[in-house]
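I open this notebook to record what I looked up, beginning with nonpolar cores and going on to strand pairing.

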Amino acid sequence: GYGLAYANAYYGQGTGDIALENVACSGTENQILACPSNTIFDTSCSHSEDAGVKCEAPCAHGKIRLAGGNIDNEGRVEICYNNVWGTICDDYWGVSDATVVCRQLGYLTTDALAFSSAHFGSGSGNIFLDNVGCAGTEMNVINCTHVSGNSISCTYGHSEDAGVRCQVSATGTCTYGDVRLVGGSNKYEGRVEVCINDTWGTVCDDSW
């Protein structure tokens, strides 16, 4: 898939350390720390130069993603249906449904919160599922009882898009070399941050 590079703090300015500068990947590396760059933390940049990316979101039937939230673990639920991204109507949407979404995304299943009425903003395109009725034990939301296609009766369209907020582990640490994206509208875009010695830092856009 494609990747688009953004400079000049396109996704907002980070805080704290700037970990990398003059990153020059060939595109074949498996992690950003394998790319040539200045010595870690040896930068002359400011956060106005924080680098960002937008990645192509993989779409496989039944896969889900969250969009429109302020943090990675909340947002409007979007589902890939026949290789197209769409939303879920909030009819009968509740905690059991949110629990399955959180499990599918790898978050904790305790204290999952369900949101209705496009709490995280209205999506666009197709509404693929309606009247979702999960028991709470399913591994994939598409395995829950639901209606689709012409059976959908989502009267107010995307103003009824369903959302969730999931709980994350409270460890507070990160693994050396991990990368996360912050400040985008979904988890596939944002300001690039890299974990160095249990601390998240940004990447300068020089040579980005």
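Entry 1, the main core. Working from a predicted model, I looked up the largest nonpolar core, which has 23 residues, and I noted that I79, I88, W93, V101, V132, V141 and V164 are those with the most contacts inside it. I then asked which elements give two or more residues to this core, and found β4 (64-68), β5 (74-81), α1 (95-105), β8 (127-133) and β10 (163-167). Of the contributions to this core, that of α1 is the most, with five residues.

Entry 2, around V132. I took V132, listed among the residues with the most contacts inside the core, and, leaving aside its neighbours within four places in sequence, I found V132 in contact with I88, D91, Y92, W93, D97, V141, C144, T145 and H146.

Entry 3, the other core. I also noted a second, separate core of 12 residues, including A19, L20, C35 and I196.

Entry 4, strand pairing. In which sense do strand β2 and strand β13 pair? I found that strand β2 (residues 18-20) and strand β13 (residues 199-203) pair in the parallel sense, over two bridges, and that T202 in β13 is the residue opposite I18. For strand β12 (residues 189-196) and β13 I recorded an antiparallel run joined by four bridges, with G201 in β13 as the bridge partner of V194.

Entry 5, the turn. Finally I looked at the hairpin that β12 and β13 form, with two residues between the strands, and I noted for N197 in the turn a positive phi of about 50°.

How values were computed: Residues numbered from 1 in each chain as written. Predicted model: local features only at pLDDT ≥ 70, side-chain atom pairs only at ≥ 80, totals over all residues. Heavy atoms only, no water. Core = buried A, V, L, I, M, F, W, Y, C linked by side-chain atoms within 4.5 Å. Buried < 20%, exposed > 50% of the residue type's maximum accessible area, 1.4 Å probe, protein only. Contact = heavy atoms within 4.5 Å. Pairing = 2+ DSSP bridges.
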